Amino acid sequence: MKKWIPPAVLAAILALSLWNAAAMEACVARWRDQLQQADALVDAEDWPALEHLLADSYQDWSAWQTYLHIVTEHDAVDDAESMYRRCMAFAAAREPSELRAETADLRDQLRLLAEMERLSWRNIL
């Protein structure tokens, strides 16, 4: 009976790793889509809708903070948090060029968060 425990533990760890990667990928895709919509609102110069969208996206992001701090590097999460806040500040100040640059950086930072949790040789080695 004891010989089945190590493979069962490894299988459970693999299943949780795969679930975590899928959950992270889904969240990041949603946040990146929201930021893509924000870029479209910047182009349309719809500042009130943009501020509302960024606030909603930030609220969605904030709801996942505990999970993110458990499963990924704190520095990467904190960097994304700072970028979200800068995006909202640039939107409030109606600074389109800085906002576009910051949302691009934030989308890339979010991509990195998902990449860090992906099951790949690069992450294993």
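## Helices, salt bridges and surface patches in a predicted model

User: In which helix of this predicted model is isoleucine 13 found?
Analyst: The model is predicted, not experimental. Isoleucine 13 belongs to an element that covers residues 5-44. That element is helix 1.

User: Is isoleucine 13 buried, partly exposed or exposed?
Analyst: The relative accessible area of isoleucine 13 is 48%. Buried would require under 20% and exposed over 50%. With a value between these cut-offs, isoleucine 13 is partly exposed.

User: What is the accessible area of the nonpolar patch on the surface that Ile13 helps to form?
Analyst: Ile13 shares this patch with Ile5, Val9 and Leu10. Taken together, the four residues have an accessible area of about 380 Å².

User: How many helices and how many strands does the protein have?
Analyst: Read from the N terminus, the elements run α-α-α-α-α-α. The count is therefore six helices and zero strands.

User: Is the protein a compact globule or more spread out, judged by its radius of gyration?
Analyst: For 125 residues the globule rule gives 14 Å, and the radius of gyration is 18 Å, well over that. The C-alpha trace spans about 65 × 25 × 20 Å along its principal axes. Because the radius of gyration exceeds the rule's value in this way, the protein, set against a compact globule, is more spread out.

User: What percentage of the residues in the protein is buried?
Analyst: A residue counts as buried when its relative accessible area is under 20%. Of the 125 residues in the protein, the buried share is 34%.

User: How many salt bridges does a search of the whole structure find?
Analyst: Side chains of opposite charge can pair when their charged atoms come close. One such pair here is glutamate 81 with arginine 85. Over the whole structure, the number of salt bridges is eight.

User: How far apart are the closest N and O atoms of glutamate 81 and arginine 85?
Analyst: Both residues sit in helix 4, and their spacing of four residues is about one turn of the helix. Glutamate 81 counts as buried, since its relative accessibility is 15%. In the salt bridge between glutamate 81 and arginine 85, the closest N and O atoms are separated by 3.2 Å.

User: With which residue does arginine 86 form a salt bridge?
Analyst: The closest N and O atoms of this pair are 3.0 Å apart. The pair links distant parts of the chain, with arginine 86 in helix 4 and its partner 16 residues away in helix 5 (residues 96-117). Arginine 86 is partly exposed at 37%, whereas the partner is buried at 9% relative accessibility. The partner is glutamate 102.

User: Which residue is linked with Asp108 and Arg111 in a network of salt bridges?
Analyst: Aspartate 108 bridges to arginine 111, with 2.7 Å between the closest N and O atoms. These two are three residues apart in helix 5, so about one helical turn separates them. Aspartate 108 is partly exposed at 36%, and arginine 111 is partly exposed at 29%. The further member of the network is Glu115.

User: Which residues form the negative surface patch?
Analyst: One of them, aspartate 75, lies in helix 4, which covers residues 74-92. Aspartate 75 counts as exposed because its relative accessibility is 56%. The patch consists of Glu73, Asp75, Asp78 and Asp79.

User: What is the phi of glutamate 45?
Analyst: Glutamate 45 is in the loop between helix 1 and helix 2 (47-63). Its relative accessible area of 60% makes glutamate 45 exposed. Although glutamate 45 is not a glycine, its phi is positive, at about 55°.

User: Where is arginine 94, which has a positive phi, placed?
Analyst: Arginine 94 is not a glycine, yet its phi is about 60°. At 38% relative accessibility, arginine 94 counts as partly exposed. Its place is in the loop between helix 4 and helix 5.

User: How far apart in space are alanine 104 and alanine 29, C-alpha to C-alpha?
Analyst: Alanine 104 is in helix 5 and is partly exposed, with a relative accessible area of 33%. In sequence, alanine 104 and alanine 29 are 75 residues apart. In space, their C-alpha to C-alpha distance is 14 Å.

Methods
Residues are numbered from 1 along each chain as its sequence is written. This is a predicted model: local features need pLDDT of at least 70, side-chain atom pairs count only at pLDDT 80 or more; totals for chains, interfaces and linings use all residues. Side-chain values use heavy atoms; hydrogens and water are left out. Patches are made of residues with over 30% relative accessible area and no salt bridge: like charges are joined within 9 Å, nonpolar side chains (Val, Leu, Ile, Met, Phe, Trp, Tyr) within 5 Å. Accessible areas come from the Shrake-Rupley method with a 1.4 Å probe; for residues, only the protein chains shown count as cover. A salt bridge is a side-chain nitrogen of Lys or Arg within 4 Å of a carboxyl oxygen of Asp or Glu. Lys and Arg count as positive and Asp and Glu as negative; His and the chain ends are not counted. The place of a charge is taken as NZ of Lys, CZ of Arg, CG of Asp or CD of Glu. Buried means under 20% relative accessible area, exposed over 50%, partly exposed in between (1.4 Å probe, protein chains only). The radius of gyration is taken over C-alpha atoms; the globule rule is 2.2 Å times the number of residues to the power 0.38.
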